[in-house]
Amino acid sequence: MPPANIENDPFFELLTDALRAGPGSPQWHEAVTTLRGRGSEGDDEMRLLIEARENLESGRGYRAVRAGQGFTRKLMGQIENASASGPGRGIPTATLIAVVCGLLIVGVVAYVVNRLAPHEVGSSQQIDNLQDKSHRFFDTMTTATFAGAMPEGWVAIGSLPLDEANGLRPAAAADKGAKDLGGGVRWSKTVEPAQAFAMEVSVDAPEPSGALLLEAFVSADANFSADKGTSSHDLVWQLHGREQRVLLGGSSQSLLATPTFNHGDMVRLILDQNVAIIEVVSAGGKTQRLWAGPHDLGKNPRYVGVRFLQTGASGKADISVKEIKVTTSPG
């Protein structure tokens with residue numbers, strides 16, 4: 001099989017993702033389960049995955065119809081039993097053979113059709129394409145710098161009082177009596193769903209509080225709640241203390257890496273119409289991918305911004321957003 005067709009094979013992608021993710025990952029479990037269901041045996045799961053992937057690369061598929069162990073013996077035994085039962089009893093020998101041959105033919109035809117049919121580009125290839133495209137995001141769509149006033153073109157959301165004097169942060173008056181409130185800012189304009197773009201959020205976090213959450217979001221829902229500034233259909237990067245999380249529609253996602261967020265780090269959310277990448281860039285310029293996958297935001301316009309969620313008296317909470325920048329490709 002040509003390399004391009006192999007890489008577009010969903011089963012080949014599954015095996016590749018499993019080997020990349022490693023033992024114990026969901027991809028690993030799914031790939032091993034699929035191989036067991038197709039008759040592969042052996043206790044060494046790593047060997048099973050590697051051999052299956054090598055077989056696909058060399059043109060030997062696992063979907064071909066093969067007779068199982070003891071198939072011939074069982075078939076001949078059934079034929080002899082049918083013959084011994086005499087006329088009018090059991091299944092005629094010719095009928096049994098015709099049925100078995102028909103099933104084999106149908107299986108072979110289904111396998112050939114499946115191998116020749118075009119397949120959609122897998123999400124891993126889409127993610128790689130988006131990563132390459134992000135290196136050409138030279139056009140700035142908007143920049144919000146917080147140094148004394150709300151930046152032009154940005155609007156407040158939620159009810160938590162904010163201070164924009166030296167970076168965006170909850171106001172000092174919000175330290176008490178502001179439990180279960182939230183507030184932030186969003187760009188007043190939207191990004192079209194087909195537009196690939198990146199949102200970069202520069203954060204100062206010398207002493208983040210455990211009672212205060214910082215979120216950078218891309219939402220497909222225009223309805224932000226009045227009390228917290230949250231929406232129901234969004235992709236979110238969340239910072240709780242120094243721990244990072246990724247939420248999709250409110251559900252926590254498995255991270256590719258779990259680095260500690262440090263003072264001066266920047267988070268970058270990169271999206272196109274179908275997939276997204278979230279990565280953190282250290283003050284020294286090192287980039288580490290936290291999560292990547294389909295974002296399921298649909299075809300609605302994208303709203304971008306940041307917010308703070310206060311779960312209790314924050315005490316000494318030294319955390320702020322210095323700048324938000326949205327970029328895209330030229331033209």
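Over which residues does pLDDT stay under 50, with five contacts beyond four places in sequence in the model? I found that stretch at residues 116-121. A reminder to myself: this is a predicted model, so I looked up the confidence before anything else.

**Entry 1, confidence.** I noted a mean pLDDT of 83 for the protein, with 78% of the residues scoring at least 70. I then went through the elements: helix α5 (residues 71-84) has the lowest mean pLDDT, 53, and β11 has the highest, 98. I also marked residues 60-69, where the pLDDT is below 50. The model gives this stretch 21 contacts beyond near neighbours in sequence.

**Entry 2, strands.** I turned next to β6 (residues 197-207) and looked for its partners. Strand β15 (residues 318-328) runs antiparallel to β6, and nine bridges join the two. I picked out one pair here: Val203 has Val321 of β15 as its bridge partner. Strand β11 (residues 266-271) is also antiparallel to β6, joined to it by six bridges. On that side I found Met199 opposite Leu269 of β11.

**Entry 3, the largest pocket.** I read off a volume of about 820 Å³ for the largest pocket. I counted 25 lining residues, and those nearest the centre are Asp17, Gln27, Ile127, Leu256 and Ala292. By type, the lining holds 11 nonpolar, eight polar and six charged residues.

Which element supplies the largest share of the lining of the largest pocket? I found that α2 does, with six residues. Helices α2 (10-21), α3 (26-37) and α7 (123-134) and strand β13 (287-294) each give the lining at least two residues.

Key:
Residues numbered from 1 in each chain as written. Predicted model: local features only at pLDDT ≥ 70, side-chain atom pairs only at ≥ 80, totals over all residues. Heavy atoms only, no water. 1 Å grid on protein atoms, 1.4 Å probe; cavity = no way out; pocket = protein on both sides within 12 Å on 5 of 7 lines; lining within 4 Å. Points joined across faces, edges and corners; volume = space filled by probe spheres on them. Helix = DSSP H or I, 4+ residues; strand = E, 2+ residues; numbered from the N terminus. Nonpolar A, V, L, I, M, F, W, Y, C, P; charged D, E, K, R; others polar. Pairing = 2+ DSSP bridges. pLDDT = per-residue confidence, 0-100. Contact = heavy atoms within 4.5 Å.
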